[in-house]
Amino acid sequence: MGNTHTEIIREFDRLIRRDPGKRGLISSEVHSGPLCHDHLLQSALELKQNASQVVITTGFYVPSSEIPAAETDGPPGAILLALVLEACGINTSVVTDELCAPVVASTVEAFSYPTSKLNVLSMDQSEWVESYFSRQSISHLISVERVGPSHTPDSFDLQERESTDICSDIPRAAFQKKVPRDHFDRCHNMRGEIIDEFTAPLHQLFERLPESFPEARTIGVGDGGNEIGMGTVSWEELDRRIDSDYSGLIPCRVATDWNIVAGTSNWGASALAAAVALLNDQTDVLFQWQREEQLTVLESMVREANAVDGVTKQREATVDGLPFLTYMQPWERILTILAR
């Protein structure tokens with residue numbers, strides 16, 4: 001890969017690292033530096049060089065909306081990524097749970113992604129992970145805006161930290177103070193509410209992947225801190241950066257090999273799609289998804305499956321409370337760069 005591609009992908013990374021929703025993770029980078037530096041570039045290179053069968057999981061259910069449904073952030077980025085990987089000769093499939101299935105299915109249909117490649121996993125059987133893995137061949141497992149469980153004292157202790165002196169006791173004391181026992185290993189929304197009953201434990205696919213596919217690698221995409229992949233970052237770093245009264249409860253403990261942080265998860269997944277397309281000389285496929293087509297997808301998700309904006313909780317064709325034109329800015333800038 002030439003330096004030109006490297007710099008272009010790094011520019012993609014800069015474009016998605018904006019925080020119009022004021023979550024804190026991205027805006028904190030001005031003073032504290034970037035989280036997961038170059039993970040977008042490294043993820044794209046990994047997929048270019050080694051991907052053969054990629055499984056993408058997505059879907060974040062919002063039970064407190066007027067009509068409970070999955071949110072608009074996640075599925076569009078996941079399906080766009082899957083389509084682009086397919087165009088690059090990489091086999092894909094998409095996984096979600098039963099509550100999120102209607103929204104993910106409507107996204108699949110809107111993008112004309114093959115419906116046969118969508119898997120809706122039921123947790124009714126005790127060995128559902130083994131059952132799913134037995135039907136698959138997986139080189140890479142990717143999560144796009146999929147909530148995962150919070151830290152426990154054990155997961156906190158297992159995280160790598162630079163400090164080995166007495167200062168290392170400081171974050172543990174903070175953890176013990178901020179995270180009550182009944183919040184250990186629980187999925188939380190950004191309001192610090194436990195949402196386990198509305199979230200199937202798809203994170204177990206990541207935790208148990210090495211048992212069946214020891215060579216497989218993992219990628220997380222998230223924007224708030226509670227998503228699968230954010231365990232790559234230390235609990236105290238996320239606690240410090242998340243702009244919330246519940247910052248200690250929110251961090252997900254599940255780590256991935258690479259973790260892409262963006263202002264919305266759709267931005268992160270779309271930037272990864274663009275980066276892989278660039279490395280494979282397949283950027284033409286990206287221009288099928290201009291502003292009008294992207295709006296059509298969001299409108300279809302709302303109309304067909306009652307998808308909701310995850311921030312406003314309203315049944316509307318917006319993402320994380322952003323005006324549509326604001327939401328489209330990073331993607332349109334990416335296309336402008338590639339059109340040169």
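How many disulfides does a search of the whole structure find? The search comes back with zero. Keep in mind as you look around that this is a predicted model. Let's begin with the cysteines, then move on to a buried serine, some charged pairs and the nonpolar cores.

**Stop 1: the cysteines**

Select C36 and C252. C36 takes part in no disulfide, and its nearest cysteine sulfur, the one in C252, sits 12 Å away. C36 is buried, with a relative accessible area of 12%.

Now select C100 and C187. The sulfur of C187 is the closest cysteine sulfur to that of C100, yet the gap is 11 Å, which is too far for a bond. C100 is buried too, at a relative accessible area of 1%.

**Stop 2: S150 and its surroundings**

Next, select S150, in the loop that runs between β6 (140-144) and α7 (153-158). Is S150 buried or exposed? S150 is buried, with a relative accessible area of 2%.

Show the residues around this serine. Leaving out residues up to four places away in sequence, S150 touches a group that includes H183, F184, D185, R186, L249 and R253. Two polar contacts are good ones to draw. A polar atom of the S150 side chain lies 2.7 Å from the backbone oxygen of H183, and the S150 side chain also reaches the backbone nitrogen of D185, at 3.2 Å. For one more distance, pick the C-alpha atoms of S150 and G231: they are 8.9 Å apart, although these positions lie 81 residues apart along the chain.

**Stop 3: salt bridges**

Side chains of opposite charge can pair when their charged atoms come close. The count of salt bridges in this model comes to 20.

Stay by the serine for one of them. D185 and R253, both in contact with S150, meet through their side chains in a salt bridge, 2.8 Å from N to O. This pair links distant parts of the chain, with D185 in the loop between α8 (169-178) and α9, R253 in the loop between α10 (235-241) and β8 (258-261), and 68 residues from one to the other. D185 is partly exposed, at 37% relative accessibility.

Select R186 next, along with D196. These two form a salt bridge whose closest N and O atoms are 2.6 Å apart. Both R186 and D196 lie in the loop between α8 and α9, so their pairing ties together parts that are ten residues apart in sequence. R186 is partly exposed at 29%, and D196 is partly exposed at 26%. While you are showing charged side chains, add E7, R10 and D38, which are joined into one network by salt bridges that share partners.

Then move to E130 and R208, a salt bridge with its closest N and O atoms 2.5 Å apart. E130 belongs to helix α6 (residues 128-134) and R208 to helix α9 (residues 203-212), so the pair ties together parts 78 residues apart in sequence. E130 is partly exposed at 32%, as is R208 at 23%.

**Stop 4: the nonpolar cores**

Finish inside. Which residues have the most contacts within the largest nonpolar core? They are F12, L47, I56, L272, L286 and W331, in a core of 71 residues. Color helix α11 (residues 265-279) as well: this helix gives the most to the core, with eleven residues.

Center on L286. Its contacts, apart from neighbours within four places in sequence, are V84, A273, A274, A277, W331, L335 and L338. Last, select L25, L202, M230 and V254, which are among the 28 residues of a second, separate core.

Conventions
Residues are numbered from 1 along each chain as its sequence is written. This is a predicted model: local features need pLDDT of at least 70, side-chain atom pairs count only at pLDDT 80 or more; totals for chains, interfaces and linings use all residues. Side-chain values use heavy atoms; hydrogens and water are left out. A nonpolar core is a set of buried Ala, Val, Leu, Ile, Met, Phe, Trp, Tyr and Cys residues joined through side-chain atoms within 4.5 Å. Buried means under 20% relative accessible area, exposed over 50%, partly exposed in between (1.4 Å probe, protein chains only). Helices (H or I, at least four residues) and strands (E, at least two) are DSSP runs, numbered from the N terminus. Contact means heavy atoms within 4.5 Å. A disulfide is a pair of cysteine sulfur atoms within 2.5 Å. A polar contact is a pair of N or O atoms within 3.5 Å; within protein, one must be able to donate a hydrogen and the other to accept it, and residues adjacent in sequence count only if both atoms are side-chain atoms. A salt bridge is a side-chain nitrogen of Lys or Arg within 4 Å of a carboxyl oxygen of Asp or Glu.
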